[in-house]
Amino acid sequence: MNLPNTPEAYLFLFFSLICIVSAVSVIFQKNPVFSAVSLVFTFFALAGIYGIMGALFIATMQVLVYAGAIMVLVVFVLMLLSQRAESLSKFLTKPLKVVFMSVFAFGFFFALQSALNTGTPFSPSESKGYISKDSSKVYQYPITGTSTISTEGNVATVGAATYLEYVLPFELISLLLLIAVIGAVILAKRKLVAEEAKDTIL
Amino acid sequence: MEWGYLIAWAIKILSLFFVILTGVAYYTLAERKFAGFIQDRPGPNRAGPFGIFQPLADGIKFIAKEEIFPKNVSKAMYLLAPTISMTCAILAWAVIPFGGTLPAPGWLTTMTGISTIDLQVANPDAGVLYMLAVSSLSVYGIMIAGWASNNKYSLLGGVRSTAQMISYELPMGLSIVVIVIMTGSLKLTTISESQKDMWNILSPPGFVAFFIYVTAMFAETNRLPFDLAEAESELVVGFHTEYGAFKFAMFFLAEYMNMITMACLTTILFFGGYNVPFGIGNGTDYETLIGLGFFIIKVLFFAFLFIWVRWTLPRFRYDQLMRLGWKKMIPWGLFAVMFASVYTVYWKETWVRLFL
């Protein structure tokens with residue numbers, strides 16, 4: 001570990017520690033509600049890491065959407081359902097399965113680690129959707145900026161990337177969500193016709 | 001230099017914290033005094049002249065009481081719930097701009113090397129979104145309290161309150177979007193400064209959005225006429241039935257703190273923030289302090305509105321609450337957003353000229 005001796009590095013250590021501990025806790029808690037609350041803490045730590053990177057808008061949206069909206073519904077449903085404490089013992093009865101899963105997990109994390117160390121996820125010169133610091137007030141399209149996400153232009157940057165460059169995927173996602181909502185309504189709707197038919201038979 | 005900034009920030013944060021806690025304590029006294037006035041009785045008047053030491057006495061009482069853990073609660077969650085409520089209530093104060101910039105007193109400049117004080121702790125790019133995010137988190141406190149107490153009244157209170165807060169976050173968000181469209185920024189200081197000539201309440205879409213916002217505000221803070229989470233006549237006191245002593249005090253303080261936060265946000269979004277009407281004290285040395293004074297007066301009015309409404313209106317029924325939220329407020333909110341877009345593009349310049 002050769003971390004630079006800056007406040008950001010220590011904050012990153014702090015948040016990543018919380019993130020890992022709470023993520024492990026999501027899996028190993030016996031009570032589903034405890035797991036869900038641990039997941040909320042994971043989202044918080046992730047928001048903190050986004051904040052360190054300067055993406056304050058993404059950090060806010062992480063808290064607002066994931067912790068504030070989605071997990072509220074998940075916890076809400078978990079609390080209403082009758083639940084019992086799960087136990088790990090039923091997975092431990094099959095030793096072969098445990099060994100296989102451990103090998104898989106080890107291999108996965110090894111692959112992840114080696115990919116992070118050797119590969120280049122994207123090179124900064126080709127990155128899209130960010131504006132350079134010197135022209136932070138003006139957004140230009142197509143984007144020609146390079147290095148960092150400017151703190152001033154976070155919202156404008158995300159908005160421009162969403163509505164100019166990636167407008168088609170964005171609209172397709174909204175269409176997908178509409179389909180999901182309609183599907184949920186149809187599934188949840190009571191079948192009035194069938195009940196009437198039953199009444200006539202009886 | 002770095003350390004100077006840190007010390008200055010610590011001083012600012014601690015002094016704000018002190019002011020808030022004192023303010024909240026006296027807000028509870030004000031609530032009881034006005035309740036007494038409205039119900040034609042004196043209210044608390046034993047501790048000190050006019051009962052002004054009542055909050056102190058209450059605080060000592062809360063701390064000195066025995067901490068009781070009911071038998072069937074899940075202890076970690078039971079303790080986590082009031083902590084979350086209180087933390088979220090305090091977090092929201094980080095971004096509220098109370099005024100402009102003050103020159104720092106001499107001793108502070110020599111000690112820390114800073115020359116001006118912004119009357120705001122942090123000024124993020126998306127301050128409005130931060131407020132929304134923090135207020136949407138406060139639902140966890142209530143929900144976990146209701147579940148961890150292992151009590152039917154508590155659970156019902158928690159479930160009701162969660163559903164209510166999720167429903168009313170949408171109209172509240174929509175009414176804030178109206179202001180964001182008219183201003184073109186998510187920054188709270190920019191929103192304040194854009195209202196120098198005309199408060200947002202005086203523009204037609206802002207006028208519509210204001211009523212949506214105020215209704216949603218009452219629902220978000222779980223106050224009458226929407227206090228179904230507590231509903232004394234049905235649920236004992238709802239989600240904090242099993243809480244006593246200091247744990248209850250934390251819920252209590254968080255509720256009143258949220259109310260003051262909402263009053264501040266109303267002032268910033270619709271009533272010009274720290275702008276002073278008719279240019280009183282413009283260009284003088286005391287401009288910032290006058291602005292701060294006007295901000296506090298406006299906030300106190302909305303804080304009073306909470307008390308006034310609570311002791312005047314009866315409680316809504318639960319189905320009425322949901323019908324109002326989903327069938328009235330959200331369509332009106334969507335209408336206000338469209339109205340604001342049209343207004344901003346076509347009519348805004350003409351309308352603003354009326355006020356210059």
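Visitor: At what angle do the axes of H8(B) and helix H10 of chain B cross, and within what distance do they come?

Guide: Two packed helices are described by the angle between their axes and the distance between the axes. In this predicted model, the axes of H8(B) and H10(B), the latter spanning residues 245–270, cross at roughly 170 degrees and come within 11 Å. Angles over 145 degrees count as roughly antiparallel, and H8(B) and H10(B) are therefore roughly antiparallel to each other.

Visitor: Which residues of H8(B) and H10(B) meet?

Guide: From H8(B) come B:Gly206, B:Phe210, B:Tyr213, B:Met217 and B:Glu220, and they meet B:Met262, B:Thr266 and B:Phe270 in H10(B). Sorted by class, this contact of H8(B) with H10(B) has five nonpolar, two polar and one charged residues.

Visitor: How should the packing of H8(B) with helix H12 of chain B be read?

Guide: The angle and the distance are again the place to begin. H8(B), residues 204–220, packs with H12(B), residues 318–353, at an angle of about 155 degrees, and their axes are 9 Å apart. These two helices are therefore roughly antiparallel to each other. The crossing of H8(B) and H12(B) also has a hand, which is left-handed.

Visitor: Which residues of H8(B) and H12(B) meet?

Guide: H8(B) contributes B:Pro204, B:Pro205, B:Val208, B:Ala209, B:Ile212, B:Thr215 and B:Ala216. Their partners in H12(B) are B:Met329, B:Trp332, B:Gly333, B:Ala336, B:Phe339, B:Ala340 and B:Tyr343. By class, the contact of H8(B) with H12(B) has twelve nonpolar, two polar and no charged residues.

Visitor: Where does H6(B) bend?

Guide: Begin with the span of the helix. H6(B), residues 152–183, has 32 residues and reaches 46 Å from its first C-alpha to its last, close to the 46 Å expected at 1.5 Å a residue. H6(B) nevertheless bends by about 25 degrees at B:Glu169, and the proline B:Pro171 follows within four residues. Just after H6(B), B:Gly184 takes a positive phi of about 80 degrees.

Visitor: At what angle do H2(A) and H3(A) pack?

Guide: H2(A) and H3(A) pack at about 175 degrees, with their axes 8 Å apart, and are therefore roughly antiparallel to each other. Residues making the contact include A:Phe43 and A:Phe44 of H2(A), and A:Tyr66 and A:Met71 of H3(A). The residues of this contact of H2(A) with H3(A) divide into 22 nonpolar, two polar and no charged.

Visitor: How many residues of chain A are in contact with chain B?

Guide: The contact joins 20 residues of chain A to 18 residues of chain B. On the chain A side, helices H2 (32–52), H3 (56–80) and H6 (154–165) each supply at least two residues. H3(A) gives the largest share of that side, 13 residues. By class, the side of chain A that touches chain B has 15 nonpolar, four polar and one charged residues.

Technical notes. Residues numbered from 1 in each chain as written. Chains lettered and ligands numbered in written order. Predicted model: local features only at pLDDT ≥ 70, side-chain atom pairs only at ≥ 80, totals over all residues. Axes fitted to C-alpha atoms, helices over the stretch in contact; angles between N-to-C directions. Parallel < 35°, antiparallel > 145°, perpendicular 65-115°, else oblique. Left-handed = near helix turned anticlockwise from the far one by under 90°. Contact = placed C-beta atoms within 7 Å. Nonpolar A, V, L, I, M, F, W, Y, C, P; charged D, E, K, R; others polar. Expected span 1.5 Å × (residues − 1). Bend = angle between axes of the 7 residues up to and from the residue.
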